[in-house]
Amino acid sequence: MKILKIQALRGPNIWSVRRKKLIQMRLDLEEMEERPTNKIDGFRERLEALIPSLIEHRCSEGVRGGFFMRVDEGTWMGHVIEHIALEIQTLAGMDTGFGRTRVTKEPGVYNVVFSYLEENVGLFAAESSVRIAQALIDGVDYDLEADIQRMKEIRERVRLGPSTGSIVEEAVARDIPWIRLGTNSLVQLGYGVNQMRFQATITCNTSNIAVDIACDKEDTKRMLENSSVPVARGSICVDEEDLMDTIDKIGFPIVIKPLGGNHGKGASINVKTTEEAKAGLEHAQKYGRRVIVEKFITGHDFRILVINHKMVAAAQRVPAHVVGDGEHTIRELIEIENQDPRRGYGHENVLTEIDIDRDSLDLLDKLGYTEDSVPNKGEIVYLKSTANLSTGGTSVDVTDMVHPENIFLAERISRIIGLDICGIDIMAENLTQPLQENGGVILEVNAAPGFRMHLAPSEGLPRNVAAPVIDMLYPPGKPSRIPIIAVTGTNGKTTTTRLIAHMVKNKGYRVGFTTSDGIYIQNHLLEKGDTTGPYSAEYILKDPTVEFAVLETARGGILRAGLGFSRCDIAVVTNIQEDHLGLSDIHTLEDLARVKSVVVRSVKNDGWAILNADDEYCRKIAKELDCNIAYFSLDENQPHIKSLSKAGNIVAVYENGYVTIKKGDWKIRIEKVTQIPLTVGGKAKFMIANALAATLAGYLSGFHSEDLSLSLQTFIPSAAQTPGRLNIFNFKNFQVMIDFAHNPQGYLAIEDFLSNIDSPHKIGIIAGVGDRRDEDIKECGKIAGRMFDHIIIRQEKHLRGRTEDEIIGLILEGIQESNKDITYEIIPKEIEAIKHAINNAKEGTFITALSDVVTNAIEIVQTYLDKENESIIAN
């Protein structure tokens, strides 16, 4: 077996609009295509022995053990690999259960699709599942545990931490979109101008000054002490002389810890002798020269969490420990404790596995113990000097036991330091009494406090502490999204996108839009190139200045990674015509329609899908949609449009020379087509269709008819506004038009337009694209033979696996089919072809360059036009 390709889908996709996180693996079974599972001796037995938990997979049988039933009956290895990939993720602590395996038109080649929680783990699972299947086929041993451990390690390296993850989960529950910014814990909630950012539990509203204060324990202690908050006595030390002076003032026992430390690193507690104090100073200074030395306060370790200056949770923290039974060593007791199903690797479970480090050995040494000592029955042996959950500690929820005076104190502390999310560490006998009464003190104030102890305490009620964070960032009435209009289809996408963006801008919004030419914000080109995929969409949605997004969404990006947004308000399908067929398992117009439908199936329930009523595949897509649907048509009397209008639906039509919105029997005439520059005086029918789609999108966005009219009048087709879309350059004696038409439907649209152009000599400059089907390349040649009087064939780019001669040969076959008498010449380089056509143009000639790289063509023609204008001025 051979993996041909693995890709991660991150948004709505052809397999599922709802399940956005999928791995798609293209797998060639090779000789295994002839060997289903029931023809491999002992395969079922080996599979069940290696992964017995597969018994839970119901598969299409719908019963426990259903998958093994399919294996017994005989199923292909792609299907087996799908189930293995899902189950090994579950065994690694990432339970996910969606999968599909589908055969392609290539013999023995399958698309194996399965869901993932962490992308890098999913990619690893894809490769691992193939290795596992091969080992089972060959009857050789396989170290499954090593792969599972590897997946756990990958997950811990790339996953969001418990605190960050809880905030994201709460946002998702409230339908707030999110984007991970980079590979760390920096996360964006919301889109565009409505975004908020946070990292761990520091938000974009967190005061930088407050964080600096909290990170400086000396400043924190001074500010609290000056505000009558009880704190532990002590001072900052940098050497042994400072240490001895401090001990003289406060006496033993003491606590020594790095001034800028966290997670208990470098800390020594309950230090009772000078020797221990010096050793503790040395240990702490491994993490920083300045060390805080404080009086050791007896009692329990508590953490109070304050969000938006309101206490939301409190927990008692207990350091990692074991309880002796009089039989087992400390090492054995740790192993027994780590078998608790609540403990896991890193942050995978409620509790973390306990390990032995220097801190543990020091604590044991103070007790006169080693790892091999056997503590007495019932004896508690602490293994860490701090109660951090990340080092194996446990927590007990005490939120409902906190005295009102302590709540008042905690909320006041959050304001004194200035933190919007604040973790306050307290040492006291209890929190049921005011600290002033029981002698408790504030140990630290933490910026970015961990939520894990509150989300999943070892004992007591779990607290959803992420909810008040979202309440703070998105109070009632504050939006998290911005309007999104997505445009897809075969032809007309870019022009329709640009026209809609023009309408949005004219309404006063700061618009961001993506096209096949580049990424724009307010008509400022920020990134050049074909930017119609998910990364470009995300680029717009991440920009904090964008108020409205208009996103051209092409086939390639959908197939490669899915959509770059979870849902949109309006989606437009301009048409579905033959283009890119034969690529990426898209062989028919039905296949292509399935890809394009991903965009409209992502429309929110009360949003709108705008479909071309003149296109049969658009009409078919409508049957599977749950949102509102509006149609546009070049023919007011088109049967589908007539029935829709009669039923009171909203449609846009070209009628009596107008772009018109109809709702039932009512008509709103937006603008006369001859007044819309984009349509070239009504000669370009395909541009009228684009104007209808864009006008409908604007109308359904709530724009007034007079605003739509003004936008249609002021959208001037030009090399700047619509590069490569009917760009006409008027020379003194001839005209040159540049257009991006590159498929049969685009050529037909140009043919229709040229039929309205009065010219005695029409020259066409054309080329083929290597990754199109033979019949598509020939059809373009056939149409060219009909609409031009002379053809220049050039072919320097986009060979894509073919030879130049092969593509030119197909074009010539098509030309000969429609016009055997037409003259043609072959000039391979586009620049030379355009120069040749211009230099030899006769009076009245209309040159049409159907260019796939419009910027080059535009620059050449503009240079010639500028020279002519300079000559006219000079004379």
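How much area does the protein chain expose, and what share of it do carbon and sulfur atoms supply? I looked this up first: the chain exposes about 36,800 Å², and carbon and sulfur atoms supply 48% of that area. A reminder to myself: this is a predicted model.

**Overall layout**

Next I went through the chain as a whole. I found 29 helices and 38 strands in the protein chain. Taken along the principal axes, its C-alpha atoms fill a box of roughly 105 × 70 × 55 Å. I also checked burial, and 55% of the 875 residues count as buried. For contacts between residues at least 6 apart in sequence, I noted that 68% join residues at least 24 apart.

**Charge**

I then turned to the charged side chains. The protein chain carries 124 negative and 99 positive ones, and the centres of the two sets lie 5 Å apart. On the surface I came across a patch of positive charge, where Arg18, Arg19, Arg100 and Arg102 gather. I picked Arg100 from this patch for a second look, and found it in strand β3, which spans residues 99–103. Arg100 counts as partly exposed because its relative accessibility is 33%, a value between the 20% and 50% cut-offs.

**Gly42**

My last stop was Gly42. Where does Gly42 sit? I found Gly42 in the loop between β2 (22–28) and α1 (43–50). With a relative accessible area of 29%, Gly42 is partly exposed. I also paired Gly42 with Ile137: the two are 95 residues apart along the chain, and their C-alpha atoms are separated by 8.7 Å.

Conventions: Residues numbered from 1 in each chain as written. Predicted model: local features only at pLDDT ≥ 70, side-chain atom pairs only at ≥ 80, totals over all residues. Heavy atoms only, no water. Helix = DSSP H or I, 4+ residues; strand = E, 2+ residues; numbered from the N terminus. Buried < 20%, exposed > 50% of the residue type's maximum accessible area, 1.4 Å probe, protein only. Contact = heavy atoms within 4.5 Å. Areas by Shrake-Rupley, 256 points an atom, 1.4 Å probe, with all protein chains shown as cover. Lys, Arg positive; Asp, Glu negative; His and termini not counted. Charge placed at Lys NZ, Arg CZ, Asp CG, Glu CD. Patch = residues over 30% accessible without salt bridge, like charges linked within 9 Å, V, L, I, M, F, W, Y side chains within 5 Å. Salt bridge = Lys/Arg side-chain N within 4 Å of Asp/Glu carboxyl O.
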